[in-house]
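Let's walk through this model together, starting inside one chain and then moving out to where two chains meet. Keep the structure open as you read.

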Amino acid sequence: MKSERIAAIVGVAESDLGKTPNKNVLQLQAQAAKAALDDAGLTKDDVDALFTAGNWAWAPNLMLAEYLGLNTKYMDSTNIGGSSFEAHVGHAMAGIQAGLFNVALITYGSTNRTNPMKPTSQAPLTAQYEQPYGLPGTVGSYALAAMRHMHQYGTTSEQLAEIAVATRKWATLNERAYKREPIEISDVLNSRYIAEPLHLLDCCLVTDGGGAVIVASKEVVSRTKKRPVWILGHGEANSHNTITNMPDLTVTSARESGQRAFEMAGVARAEIDVAEIYDSFTITVLLTLEALGFCEPGEGGAFVSGQRTAPEGSFPMNTNGGGLSYCHPGMYGIFLLIEAVRQLRGECEMRQVNDAELALVHGTGGVLSSTSTVILGRD
Amino acid sequence: MVQKIPKPIYDEESRPFWDGLNNGELLIQHCNSCRENIFYPRSICPHCFSEEIQWSKASGNGRIYSYTVVHQAFGPYKEEVPFIVGIIDLDEGVRMMTRIIGERDQIAIDKQVSVVYQQIDNDFVLPYFRLV
């Protein structure tokens, strides 16, 4: 493991989750930001950089900064979909290393359940070559990838269901999880098809919710409340925007972003104690495990079999219950970071992974379009 | 009110493609500099950044790279389910999304398909594909 310490995550928090019909996206972000600063033992006045991503305003950072009463030295609104917040963590570390700021507030808020996006009547720019065919954009794209993986490697719906079942087991241990009743593989297979081969229970939830993460420089870390969770490695990559233009439907750019993160951190895959991997769909996880090198291409199905990623399994993954069972308001990436930090601090009670020292956090954005990998560790 | 299929916003780059379909032609682009074929239409070659791009007529033949049967759709597509959306590798080496026409049980990855011009509106044709 590399010994240099540049920046750490020092505060994390969620807002209200699930259904929040009486709250808007600014309220959710304010609630999470205040709680994350409290968690860090810092105040509003310590924040000198603001990161957010969303499509709820033409310039979300400006609206949020004004609402929160922040005038920061630095802003970043990188939006590469659900992996944006892993990217923000990497960018915050880079900014801190460059001496541009000391404390970055990263936030997210969405009322995706209460105010779902409406279908559009026009298909502009590159959307005109896909949208007219009626593919339900996100789930349909992941279904195309799953179908190809099954064709190429013989991956089965049962193997994908292993992921949904294992993730639900973690959710039963998390009182903030939206879906907590245990499910079995047959439940996944018997749930209705959304887009073949993906069933309803292969798909993430649609919830409201927000979160916040505070990244601080090494100097600031000495005066924060809890033990720091160091950012050891970060990698980012993208391979396409529209699913038609994904070069290989079975290989995500996690291959590149993961490689970069592992190299920067100087850790081996076998050293990772807990993995928080974006699970918009079961297939997302399977493709990511392969691309990150936890198993060979095509072996993802075998890797997740036998409930390997469940609480009793040998590869603890998505320990909060994931986007599949805990919470998924559209861009889930920030919640992966929050859970990884809590695991490394030993705050997870019933779902705590014993002696977790190193965590891998991996966000996937768009339709398998962008990836960002973060490796976190404690002293 | 019946919601219509989202219509492309024709612009300088895309109009020849859509006009071609109205004339029963599936047009792609060819880069005269690096000799790669290109789809969707662009004003610059994504392989070599050349602007020496010309339109060329595709054979309309290809293979299914992947497909899905859609059981839950939105807006104007809601009542159409189930329907099949696929990605086709054209013989010319470019990919496009499409609707695949045919019996569910006959559709499979790697099967050969050819283009069918599907009239959507009086001036709006989509290239669907069917098994050959």
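**Two helices, then an interface**

In this predicted model, helix H3 (residues 84-97) of chain A packs against helix H12 (residues 333-345) of chain A at an angle of about 60 degrees, and their axes are 6 Å apart. Helices (H or I, at least four residues) and strands (E, at least two) are DSSP runs, numbered from the N terminus. The axes are lines fitted to C-alpha atoms, for helices over the stretch in contact, and angles run from 0 to 180 degrees between N-to-C directions. H3(A) and H12(A) are therefore oblique to each other; angles under 35 degrees count as roughly parallel, over 145 as roughly antiparallel, 65 to 115 as roughly perpendicular and the rest as oblique.

So who touches whom? From H3(A) come A:Ser84, A:Phe85, A:Glu86 and A:Val89, and they meet A:Gly333, A:Ile334 and A:Leu337 of H12(A). Contact here requires C-beta atoms, placed from the backbone, to lie within 7 Å.

Now for the two chains: 29 residues from chain A and 31 residues from chain B make up their contact. On the chain A side, strand S5 (122-123), helix H4 (137-153) and strand S6 (193-195) each supply at least two residues. H4(A) gives the most, with six residues.

S5(A) also pairs with strand S1 (residues 7-8) of chain B, in the parallel sense and over two bridges; pairing needs at least two DSSP bridges between the strands. There, A:Ala123 stands opposite B:Pro8 in S1(B).

A note on conventions: residues are numbered from 1 along each chain as its sequence is written, and chains are lettered from A and ligands numbered from 1 in the order in which they are written. As this is a predicted model, local features need pLDDT of at least 70, side-chain atom pairs count only at pLDDT 80 or more, and totals for chains, interfaces and linings use all residues.
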